[in-house]
Amino acid sequence: MAGKLYSLPKLPYDYAALEPYISEQQLTLHHTKHHLAYVNGANALIEKYGKARKDGVDMDMKAASKELSFHVGGFNLHNKFWENMAPAGKGGGGVPKGELAKVIDAEYGSFDRFRKEFTQAASSTEGSGWAALSYCRTAERPVILQIEKHNVNVVPGWKMLLVLDVWEHAYYLDYKNDRGKFIEGFWNIVNWNVVADRLSAWLKK
Ligand code: MN
């Protein structure tokens with residue numbers, strides 16, 4: 001049975017919904033150009049594998065795996081990123097509640113300390129990458145990751161709870177080189193309910 005190709009998902013809100021923290025123009029470009037590029041990149045590789053098999057020629061497996069993890073990593077992270085944001089005051093912003101708040105407090109001591117560490121991970125990402133709050137079920141702890149590109153420093157098996165894109169394409173139109181200001185704005189549009197649901201679904205598995 002043949003598998004499926006990747007496709008660009010719709011955003012869970014309008015392009016202007018995250019203003020003033022992410023402008024309509026910035027979000028439109030990010031979704032329709034950059035996210036789409038990873039969809040196309042991943043699909044092109046799948047087709048390349050298919051063609052090579054049909055033609056009976058070898059693939060450069062090293063190059064192909066590297067490219068595939070980059071494009072599919074980018075595709076998946078963007079899906080998570082859109083979902084873990086919501087308009088400020090309408091699902092976005094505030095602080096975590098319930099089990100998620102307990103897990104964060106138990107590990108970091110306070111929400112403020114967590115936010116500081118996450119901000120530092122996002123600010124100090126070299127070049128293009130992401131900050132992510134993930135969860136390790138072995139150690140039963142949340143862990144902050146700093147992902148380079150879309151696929152370096154990712155730990156297999158750790159659930160991504162909250163991700164923040166700090167590639168320049170995520171903020172340059174709105175903030176130019178001021179990544180710090182973009183990160184500061186992000187806290188106003190974090191959808192903590194989605195983050196909490198990801199954690200509880202993961203813990204129930
Ligand atoms: Mn991006």
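The following exercises, with worked solutions, concern a predicted model.

**Exercise 1. The metal site**

Identify the residues that coordinate the manganese ion, give their spacing in sequence, and classify Asp165 and His169 as buried or exposed.

*Solution.*
- Step 1. The manganese ion is bound through NE2 of His30, His78 and His169, together with OD of Asp165, at 1.9 to 2.1 Å.
- Step 2. Along the chain, these donor residues follow the pattern H-x47-H-x86-D-x3-H.
- Step 3. The cut-off for a buried residue is under 20% relative accessible area. Asp165 has a value of 0% and is therefore buried. His169, with 13%, is likewise buried.

**Exercise 2. The sheet**

Determine the order of the strands in the sheet, its edges and its pairing sense.

*Solution.*
- Step 1. The open sheet consists of 3 strands, ordered E2-E1-E3, with antiparallel pairing.
- Step 2. Strands E2 (141-148) and E3 (159-165) pair on one side only, and these are the edge strands.
- Step 3. From one strand to the next, the twist averages 20°.
- Step 4. Between E1 (residues 129-136) and E3 there are 6 bridges in the antiparallel sense. Tyrosine 135 has lysine 159 of E3 as its bridge partner.

**Exercise 3. The cavity**

Describe the largest cavity by its volume, its lining residues and the classes of those residues.

*Solution.*
- Step 1. The structure contains 1 cavity of 30 Å³ or more, and the space in the largest cavity is about 30 Å³.
- Step 2. Its lining is made up of Ile22, Gln26, Leu27, His30, Phe81, Trp82, Ala170 and Phe182. One of these, His30, also coordinates the manganese ion through NE2.
- Step 3. Helices H1 (24-55) and H2 (61-83) each contribute at least two lining residues; the largest share, 3 residues, belongs to H1.
- Step 4. Sorted by class, the lining comprises 6 nonpolar and 2 polar residues, with no charged ones.

**Exercise 4. Backbone exceptions**

Locate the cis peptide bond and the lysines with positive phi, and state how accessible these lysines are.

*Solution.*
- Step 1. Most peptide bonds are trans, and most residues other than glycine have a negative phi.
- Step 2. The bond from glutamate 19 to proline 20 is cis, with omega near 5°. Proline 20 belongs to the segment before H1.
- Step 3. Lysine 149 has a positive phi of about 55° and is located in the loop between E2 and E3. Its relative accessibility is 37%, so lysine 149 counts as partly exposed.
- Step 4. Lysine 176 has a positive phi of about 50° and sits in the loop between H5 (172-175) and H6 (179-186). With a relative accessible area of 54%, lysine 176 is exposed.

Notes. Residues numbered from 1 in each chain as written. Predicted model: local features only at pLDDT ≥ 70, side-chain atom pairs only at ≥ 80, totals over all residues. Heavy atoms only, no water. Donors = N, O, S within 2.8 Å, 3.2 Å for Na, K, Ca; no water. Buried < 20%, exposed > 50% of the residue type's maximum accessible area, 1.4 Å probe, protein only. Pairing = 2+ DSSP bridges. Helix = DSSP H or I, 4+ residues; strand = E, 2+ residues; numbered from the N terminus. Axes fitted to C-alpha atoms, helices over the stretch in contact; angles between N-to-C directions. 1 Å grid on protein atoms, 1.4 Å probe; cavity = no way out; pocket = protein on both sides within 12 Å on 5 of 7 lines; lining within 4 Å. Points joined across faces, edges and corners; volume = space filled by probe spheres on them. Nonpolar A, V, L, I, M, F, W, Y, C, P; charged D, E, K, R; others polar.
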